[in-house]
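Here is a friendly walk through how some structural labels are earned. Keep the viewer open as you read.

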Amino acid sequence: MTTILRVTELTKTFGGLVAVSAANFEVATGEILGLLGPNGAGKTTLFNTIAGLYRPTAGRIEFRGQDISRTKPHRRAALGLARTFQITQPFAEMTVEENVMVGALARCDRIATARERAERYIGFVGLEAKRATLGKQLSTGQRKRLELARALATEPKLLLMDEVTGGVDQSAIPGLVDLVVRLKQEGMTIVIIEHNMRVISRLADRLMFLDNGKTIVTGAPAEVVGHPTVQSLYLGRKHA
Amino acid sequence: MRAPNWPLFLVAMLAIALLPLVFRNGYALHIMILALIYAIFAQAWNLVTGFGGMKTFGHQAFFGMGAYASALLSMQAGLSPWITIWIAALATSLAGVLIALPVLRIRSVPHIAIVTLAFAEIVRIIVSNLRGITRGELGLIGIPGFDALTLPVIGLVRFTPAQKLGYFYLAWLLFAVVTAGFLAARNSAHGMRVLAMRDGQDAAESLGVNIAAYKIALFFISAFIVGLIGAFYAHYIIVLTPSSVLGVDIMVLVIAMTLVGGIGTVAGPIVGAVLLVVSVELMRDLGQYRMLVYGGLIVLSVLYFPNGLASLADRVRPWRRAPERSLEQQDNQP
């Protein structure tokens, strides 16, 4: 498997606050890497820096062999990097179909083609019945699905998913997890932030645990979950 | 996504073109010309604010710059207004790009409003103080009207204060072209990207939308249209003062028109412009109370029709969008 994303000594600071400190990791094509950590660990900042929302203070991000550390977010999308948001950001006054079409328009300029592609991904996430509903009228779970469809419509090579099940009704979680499982089966490369340990252990090939901007441990799910610092910080258990 | 209703557009344009057959006198023509001018102006402002999501408060600068640039070029360089209106529009659009550059760095709504308002005030003060060129508040007088044209079938068309029919059809033509452009653009790939930018810049950018390029393009196009209609206004009114074309009251009026009609829609600014221009004339008999009633009408329409009067068309045609269930009902769905 080839490396699609390589992050080297990536640091992001906000004034005196070090949100991400010298992060180093690689993501292989077809792999799912899960990011874990308590609130304020720097997971979303790391995501935003990889996606281009924040400029790195130091370090390097390579995507598909290119240095994208200073590349604008829309150019990163064109290269095949897509994302969903921790706090969902649907285009409120646009319908579900239009939302997903905007994603599809990253790869084509024809409205008819974009609509066809949008239909495919609306079907994939199960929002067919909501095609004509405005983004602002969706529930949180539906918004999560919409964001996934919108990101997939850009035909990404790497998908960054921020808290797939965050803020979602318990009954809606299995459906969302199934979508990620289907993407995994189709060979999609994903970096995923998820607080639900059971969910992330099921989905990810590898886990990376962060705390206070620093990488504590990276490895197989069982190895990371069993790590004493993870047990202490995340599960509230005392060191053995 | 609703496809543009081109047959309705053509019927509406034909109906407007036939209005002078019903309202023949110069006063009625003047009101109709003003309504068309403001409808174009409001549509252009709506492009940046209603569609682009940048709450600007300084488009009167573009109107005044277009008006003064075209008037001065025709008076001092002796060029035909048929040429100067395009030069003025282009110059104004470049000014639009200049003001777009600081706006690129600002996302806060009040800050964008104040930066653009400050820009417009700077332009007004400069024009007021360049008395050697503009005569300041004494007013620029003797602005030439458009040269007469000989058209096939129609014959000689004159543009004078006494013969307003030519002005009416020129304003109508500009209005038709601008409206058709907005109708087509609203439903294009570019239009969808602009709407996405309005609803969420970070999300749009993550989907490949070049936010900076679209913001600059919107300001360029909007300033071009407002500059062009400002230039037309100068050669129609033939007297300019800084307060008549650069005053903040013009911006307030255009904002009111767009809000009353429906911001973020193609039809809204047109409906609002026609309604406010015509209603203020119909209320002339009320004398000094006219503006009171006028203000009250604006407040009531914004209160009771927050999506604008143009949205009434959707209310009387409920089948066009399926009724939505409440979020509570949806929450348990996947």
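Q: What makes the strands β2-β1-β4-β5 of chain A an open sheet, and in which sense do they pair?
A: The 4 strands stand in the order β2-β1-β4-β5, and the pairing is antiparallel. Two strands count as paired if DSSP finds at least two bridges between them. Strands here are DSSP runs of E with at least two residues, helices are runs of H or I with at least four, and both are numbered from the N terminus. In chain A, β2 (17–28) and β5 (66–67) each have a single partner strand, so one side of each is left without a neighbour in the sheet.

A quick note on the model: it is predicted, so local features need pLDDT of at least 70 and side-chain atom pairs count only at pLDDT 80 or more, while totals for chains, interfaces and linings use all residues. Residues are numbered from 1 along each chain as its sequence is written, and chains are lettered from A and ligands numbered from 1 in the order in which they are written.

Q: How do you know that β1 and β4 of chain A pair?
A: DSSP must find at least two bridges, and β1 (3–14) and β4 (58–63) of chain A have 5 bridges, in the antiparallel sense. For a spot to look at, A:Thr8 stands opposite A:Arg60 in β4(A).

Q: Which strands of chain A are the edge strands of the sheet β6-β7-β8-β3-β9-β10?
A: This open sheet has 6 strands with mixed pairing. Its edges are β6 (81–83) and β10 (214–219) of chain A, each pairing on one side only. Inside the sheet, β3 (32–36) and β9 (206–211) of chain A pair in the parallel sense over 4 bridges, and A:Leu35 stands opposite A:Met208 in β9(A).

Q: What does helix α1 of chain A lie across?
A: Helix α1 (43–51) lies across β3, β6, β7, β8 and β9 of chain A, at about 150° to β7(A). It also lies across β1, β2 and β4 of chain A, at about 65° to β2(A). Axes are lines fitted to C-alpha atoms, for helices over the stretch in contact, and angles run from 0 to 180 degrees between N-to-C directions. Contact means C-beta atoms, placed from the backbone, within 7 Å.

Q: Why is chain B called as compact as a globular protein of its length?
A: The globule rule is 2.2 Å times the number of residues to the power 0.38, and the radius of gyration is taken over C-alpha atoms. For 334 residues the rule gives 20 Å, and chain B comes to 21 Å, which is close, so the description holds.

Key
Two residues are in contact if their C-beta atoms, placed from the backbone, lie within 7 Å.
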